[in-house]
Amino acid sequence: MRHVTSLSSSQRGQLPDKWVRASTITTYHKRLVSSSVSHKAAAPSNPASRKFAYSARAKAPALWSDRYKRLLNALKTARSVTKARAETPPQAPIRLKMKSYIQFITTPTADTPGTALYLHFDDKRYIIGNIHEGLQRAGLQIGARFFKAKDFFITGRTEWQTTGGLMGMILTIADAVESSTASRAEEHRLKEERRRAREVEESRRDKPLRIAGPMKKNPRDSEPVVEDRTVTLHGGPNLTHTLATARSFIFRKGTPIRVKEHHKEGQVDGRERSWEPTWADNRIQVWAMAIAPSNSHDQSTSTQTELRRRSLGESITGHRLTEAAVADQWSGHPNTPEDQSKQRQEICELVVNEMFSSSWRYDDLVETPLHEVKLPAAIFVRNQETKKLESYTGPMPNGTTPVPNINVLVRQPWPGALVDHLPPTKSSRVAMSYIFRNHRQRGKFKMDAAKALGIPPGPQWAALTKGEQVQGSNGEVITSDMVLEESKEGGGIAVVDLPTHEYVESLVNRPEWASEKVMVGVGAIVWILGPSVVKDERLSAFMNQHSKLKHVISSPDQCPNYLSMISAASSAIRHNLIDPTRYSIPVHNNALPSQIEEAHYGPEALAESRLPARRGLKIQLEPNFEIIDTDVIPHLNTAAVIERLPDEVRKLGQTAQQEVRSKAVRIETASQGLPSEDAEIVCLGTGSALPSQHRNVSATLLRVPGSGSYLLDCGENTLGQLKRIYTEEQLSEVLRDLKLIWISHLHADHHLGTTSVIKAWYEEVHGKDPTKRPHLSLKEALLAPGKVLGEGKRLFVVSTRKMMQWLEEYSSVEDYGYKQIVPLVSRPTNWKTPDRCTLEWNSLDVGFKTSKDSWVKFAMCEATGLTNLVAVHVSHCYDSQAVSLTFPTGFKFSYSGDCRPSRDFATTGKGTTVLLHEATFDDELQGDAKAKKHSTTSEAIGVGAAMGAKRVILTHFSQRYQKTPSMNSMDLLSVKLDDADPTEGVEEPIEGVEPSLQPAPASSLLNAGTEEVTQQPEDQAQPQPAPPTTTSTFVSLTNPPPKPQPIDMKVGVAFDYMRVRVRDIIHLETFNPALRELYKQEEEDARAKRAAKEAFSDDEAEVGEARPDSHKAKLAMKAEKVEVRRRNQEEKKARKKEEWEKRRREKLAKAESGYGQSGEVAKEGRDVRMGEAAAADNESESPGEEMEKARAVQ
């Protein structure tokens, strides 16, 4: 028989409650029969009861007969419903109507090199297109909430232009998911506390003469809602390999990454295909199109020579097999190319899985024989007497000295460290495109038809809208198609990415365009086109053929180079008005490119179907197809920004400009006597951790006339920042003059822009035609290193071994110029030789002062324009380094990277002309600086004083200081220099970002921004720090004590887009009053806007930018509300207790007078009762217990 629970909700509503509670209809029928029999069999002995039973038995047959008829009708209804469902052919799922649209987040500009789209549903988000560098910053400008997106559809070829922002995006989403999970856990904890408090209160509050049962517990409150953290990436070949190359610096737990690579599909006739979607979820269906160039069969070529094959086990463990073992392995088990590709894919998938969903713990120690320990590693032993762990101090297993045969404890390396090598892949030319379509949408509900059929409003209407059948008033079955208009296919859109002309022919001949099953409901095509592809006649003919569709074109030929980073550009424009020498208006052009001809759009009848893409443009898919341009973001009006500059700020800026141009200041500037006074420092990114609206991540360009250009750290979108500062001609000159890139450590905010900069240099110096580019062989590098280094067309990249490994492994994905760079692994020497540093290239030492080949030394000096490069270890993460560059003119530039104050760095940088030092936190956050291994403002300036630097520029500010760093409370007297441990954090993941912190108060610039620091002898009395309005401060450094050497040191603060020459650093302080006034007013406006948003909106994302730690603040607000409710409940309990006390005494008095006791017995009983009541009053914990004891006394 059909189970009651299998019926629809409307059908169950027609049945009696007892029937629904019964297990089956048949079971309840048996109960009815047995109940009827029991009525007949019962023979009460009591005459009154017997009389009642006989009257009930007389009525029973009619009652049971009526109920039995209703039972049979329900069975017939169930059978008819089952038959109707069986006869109905299977259809695609019909979804309820939900608004959905696609919106343009970016179009091609200088600092947003690709096109990104946002597919929006009420409950879900998708990102489509190019996940390029700068996407996160651009998304912040339009309020795109990327943390809600869990599915990415990457278009185009798998190369850095389309995936450069993917790694940073994944980190942001992973952190957002972790924060959301923590928020839910906190809310669940508070809810559980309130539930337990209610249970305790219920247990205490037993009412008189009533036994309270256990409180019913809501099953939904027992566990917090578990969110699916999985992020799915769709793309072309090598996407998994791209992620796996980042295993050395990216690590997150609890955010699984699923990568679905789409390879080239055969051209199958559309009639022979089922045309089922490639991928689908509960919102969309997707058809992936892997398109190869028409003149190629996807003959993928490897950009590097695979000297030998590696097994899966070798790649995971890093152990190299012997040549005999390798030969035996491959001879006995020859692998086909397909097997090799499958094995390579398995390795990469394993690595990616361990990168994002590992169970690794930092505090897990593994017992290992000492001789098997791999260095560097932290080694521990357990003291046999105290049973405590101690650091091992004996001989190390470095292969040079014998070690004892003992077991030691070491931390299990994190999973990324277990994979020493990735097998090289082959570059693929496949470009991905997609067709997206919503599920079938139900029709509109016809209320008049439902009423005519006798279906009353309520649950039955809801069941019909869900596609279910219900029973009418006359017993007939009412199906949903009787009251719903005809359903329609969901709206859809195609996103096509054609990098070059070679892909046009393959695209237009795809069979999907002729398939009605795929194209039904598709209303538009978004074209993401490479340069000049829009002019292809074949593409124009295809658009004419599909003129009923809307064609939205996004390409450099169609879209202007507008200012996409509005907040940063506005700040730069205002800085230009204050100090035009140091700041320029970012390069942009709001007009369409001049090479676009109106005639290319085709006839006027077709021109309406083609339109250029614009940021913010929406293409609505549901409830009806529509192109909405009301949300298009207008280009930044620079004239309006200039006009809105406050008059007070303008006057202060003009006063500062006049002072700088005065004769006295010009004489002072010319008499500084600094080497390389014309050297220019260009600040490309001055923020930390992750990009923000006002500051990009770390990157600084140093241009020294006569020597070259040098890039110090290269965070994401560094190339975009360069394109905003320099015109095309100027940028070409900078790239041709670029000699060296220094990467301080492997945190994502310091090096994710390196690949794009190298590729731009490669194309500028060696041309964009791959067939004409020279290729360096390993034999040439080994036999004649001096000749290769002295060619003059090499770019030197200096960093740690892991950075070089990443560059090498990624070079097999695309030819970005790796073979034309000179990768140098810096290995700092000990403190006894502060002017020496080993630089390894192909296992050769080519250091400026450590190489034994004089020709190599000469070639290094000529090729780099330097006379020395010295790196030292600093305290931040594993293998973090600071560097000092020395030039032939005597100019010395030192860069700290991220670190705590370092004694070794101060020693190496002695005599520095300019020190660029990080100042992540202000002095009020000294504890945070130590915990996160960063420096405060005072510590950064103290390092400059210790090394005798002439000029100091502060950079790398926490993103809590969106515009200006807080430096009001400097305490230079407490600065100490630390030693760095080279093995520090060796077992930890290198990747790490600064966690969000409590929002800091608004701040201003330091003492008018620039300080004159004088170093006093240690035996003299040390004066206290000067107040913020003075321009001199005295510094005394301890550990070790500085030499009594007076210096004249100027300090400046870095902003994005700032260009300052060495001789002009002393002028920065002159403009600080204007900058302070500017940001004072802006902070007041920001506070007012933030207060308005917080007053009228609970949306965390709206106030997140102005309040960096909105999550914690929101939790604090919730905690405060909980505390208020708790106090109210306590007051309510106190009032109830008073009422209970009053009632207790009244009942005691009533009981005493009601028993009729007399004489001494009554008095004695009264005394006993009052004594016990007093004891109950002292010992009871609730009014319920007091009443219970009072009843016992009675």
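Here are three short exercises on a predicted model, each with a worked solution.

**Exercise 1.** Classify the ring pair Tyr710 and Phe887, and work out where each ring lies along the chain.

*Solution.* Start with the count: the structure holds 19 aromatic pairs. For Tyr710 and Phe887, the centres are 5.3 Å apart and the planes meet at 75 degrees, an edge-to-face arrangement. Next, place the two residues: Tyr710 belongs to strand β26 (residues 708–714), while Phe887 is in the loop between β33 (881–886) and β34 (892–895). The pair therefore links distant parts of the chain, 177 residues apart. Finally, check accessibility: Tyr710 has 0% relative accessibility, so Tyr710 is buried. Phe887 is buried too, because its value is 2%.

**Exercise 2.** Decide whether the rings of Tyr816 and Tyr818 are stacked, tilted or edge-to-face, and whether each residue is buried or exposed.

*Solution.* The ring centres lie 6.5 Å apart with 55 degrees between the planes. Edge-to-face needs over 60 degrees and stacked needs under 30, so this pair is tilted. Now turn to accessibility, where buried means under 20%. Tyr816, at 1%, is therefore buried. Tyr818 comes out at 19%, so Tyr818 counts as buried as well.

**Exercise 3.** Describe how helix α33 is covered, and find the backbone feature just after the helix.

*Solution.* First, take the helix, which spans residues 937–946: 10 of its 10 residues are buried. Among them are Glu939, Ile941 and Val943. Then step past the end of α33 to Gly948, whose phi is positive, at about 70 degrees.

How values were computed:
Residues numbered from 1 in each chain as written. Predicted model: local features only at pLDDT ≥ 70, side-chain atom pairs only at ≥ 80, totals over all residues. Heavy atoms only, no water. Buried < 20%, exposed > 50% of the residue type's maximum accessible area, 1.4 Å probe, protein only. Helix = DSSP H or I, 4+ residues; strand = E, 2+ residues; numbered from the N terminus. Phe/Tyr/Trp six-rings, centres within 6.5 Å; stacked < 30°, edge-to-face > 60°.
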